[in-house]
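Visitor: I should like to understand how the terms used for a structure follow from its computed values. Could you take me through the reasoning step by step?

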Amino acid sequence: MNYLVKQGDEKLGPYSLSELHERVQSGKIAPTDLAQSEGMTDWAEVSLVLGNIPIPAATPPAPAPPVQTVPLPFNMHWAILLILQAVTRNLFNFAWALYLANWARKLDGENKPLIMIAMYPAGMIAGFIAIANGRQAMR
């Protein structure tokens with residue numbers, strides 16, 4: 001025997017009794033939706049049509065894992081950063097960049113910011129060599 005299912009104004013089906021049970025278990029059809037077989041004159045709830053076939057209760061979704069928060073880095077006024085950079089001749093800039101790169105690593109667990117900062121001294125050395133070579137070429 002086949003059954004039609006009514007969800008609001010939409011009619012679905014026909015479904016066999018086993019198909020109807022599978023759709024209720026998967027959540028595509030609610031037990032409170034209306035169903036009608038070929039021999040029925042009125043619509044009845046799907047739970048009544050299925051009778052003693054157990055319908056599992058809807059399981060609540062699994063709770064989301066807790067989000068780990070990372071405290072914000074130390075906040076320093078830009079004028080203080082500028083003064084420290086000028087006094088230390090850019091050495092503080094490197095140390096501050098290492099501090100912020102380590103903080104960024106804590107956000108997503110990747111080490112890319114620290115690798116980029118580690119390349120900073122190599123770039124400075126290459127710049128000094130280029131300047132020195134340029135001065136020698138001028139003589």
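The following exchange sets values against definitions, beginning with the sheet.

Guide: Please bear in mind throughout that this is a predicted model.

Visitor: What makes the sheet an open one, and in what order do its strands lie?

Guide: The order is β2-β1-β3-β4, with antiparallel pairing, and the four strands form an open sheet. At its edges stand β2 and β4 (44-45), each with a single partner strand, so one side of each has no neighbour in the sheet.

Visitor: How do you know that β1 and β2 are paired?

Guide: Two strands pair if DSSP finds at least two bridges between them. Four bridges join β1 to β2, which run antiparallel, so the criterion of at least two is met. Among the partners, Lys 6 is bridged to Lys 11 in β2, and Val 5 to Leu 12 in β2. The two strands form a hairpin with two residues between them, and Gly 8 in the turn has a positive phi of about 70°.

Visitor: How do you know that β1 is also paired with β3?

Guide: The reasoning is alike: β1 and β3 are joined by four bridges in the antiparallel sense, and at least two are required. Val 5 has Ala 35 as its bridge partner in β3.

Visitor: Why is Ser 37 called buried?

Guide: Buried means under 20% relative accessible area. Ser 37 has 6%, and therefore counts as buried. Ser 37 belongs to strand β3 (residues 34-37). Leaving aside residues up to four places away in sequence, Ser 37 touches Met 1, Asn 2 and Tyr 3.

Visitor: Which elements supply the largest nonpolar core?

Guide: That core has 12 residues, including Tyr 3, Val 5, Leu 12, Ala 35 and Val 49. At least two residues come from each of β1 (3-7), β2 (10-15), α1 (17-26) and α2. The largest share, three residues, is that of α2. As for Val 49, its contacts are Tyr 3, Leu 17, Leu 20, Ala 35 and Ala 44, not counting residues up to four places away in sequence.

Visitor: Why is Gly 27 called exposed?

Guide: The term exposed requires over 50% relative accessible area. Gly 27 reaches 58%, so it counts as exposed. Gly 27 is located in the loop between α1 and β3. From Gly 27 to Leu 72 there are 45 residues in sequence and 44 Å in space, C-alpha to C-alpha.

Visitor: Why does Phe 74 count as exposed, and what patch does Phe 74 form with other residues?

Guide: The relative accessibility of Phe 74 is 52%, so Phe 74 counts as exposed, the limit being over 50%. Phe 74 lies in the loop between α2 (46-50) and α3 (78-87). Together with Tyr 99 and Leu 100, Phe 74 forms a nonpolar patch on the surface, and their joint accessible area is about 290 Å².

Visitor: What makes you say that α3 is hardly covered?

Guide: A residue would need under 20% relative accessible area to be buried, and among the 10 residues of α3 the count of buried residues is zero. After α3 comes Arg 89, which has a positive phi near 55°.

Note on methods:
Residues are numbered from 1 along each chain as its sequence is written. This is a predicted model: local features need pLDDT of at least 70, side-chain atom pairs count only at pLDDT 80 or more; totals for chains, interfaces and linings use all residues. Side-chain values use heavy atoms; hydrogens and water are left out. Patches are made of residues with over 30% relative accessible area and no salt bridge: like charges are joined within 9 Å, nonpolar side chains (Val, Leu, Ile, Met, Phe, Trp, Tyr) within 5 Å. Accessible areas come from the Shrake-Rupley method with a 1.4 Å probe; for residues, only the protein chains shown count as cover. A salt bridge is a side-chain nitrogen of Lys or Arg within 4 Å of a carboxyl oxygen of Asp or Glu. Buried means under 20% relative accessible area, exposed over 50%, partly exposed in between (1.4 Å probe, protein chains only). A nonpolar core is a set of buried Ala, Val, Leu, Ile, Met, Phe, Trp, Tyr and Cys residues joined through side-chain atoms within 4.5 Å. Contact means heavy atoms within 4.5 Å.
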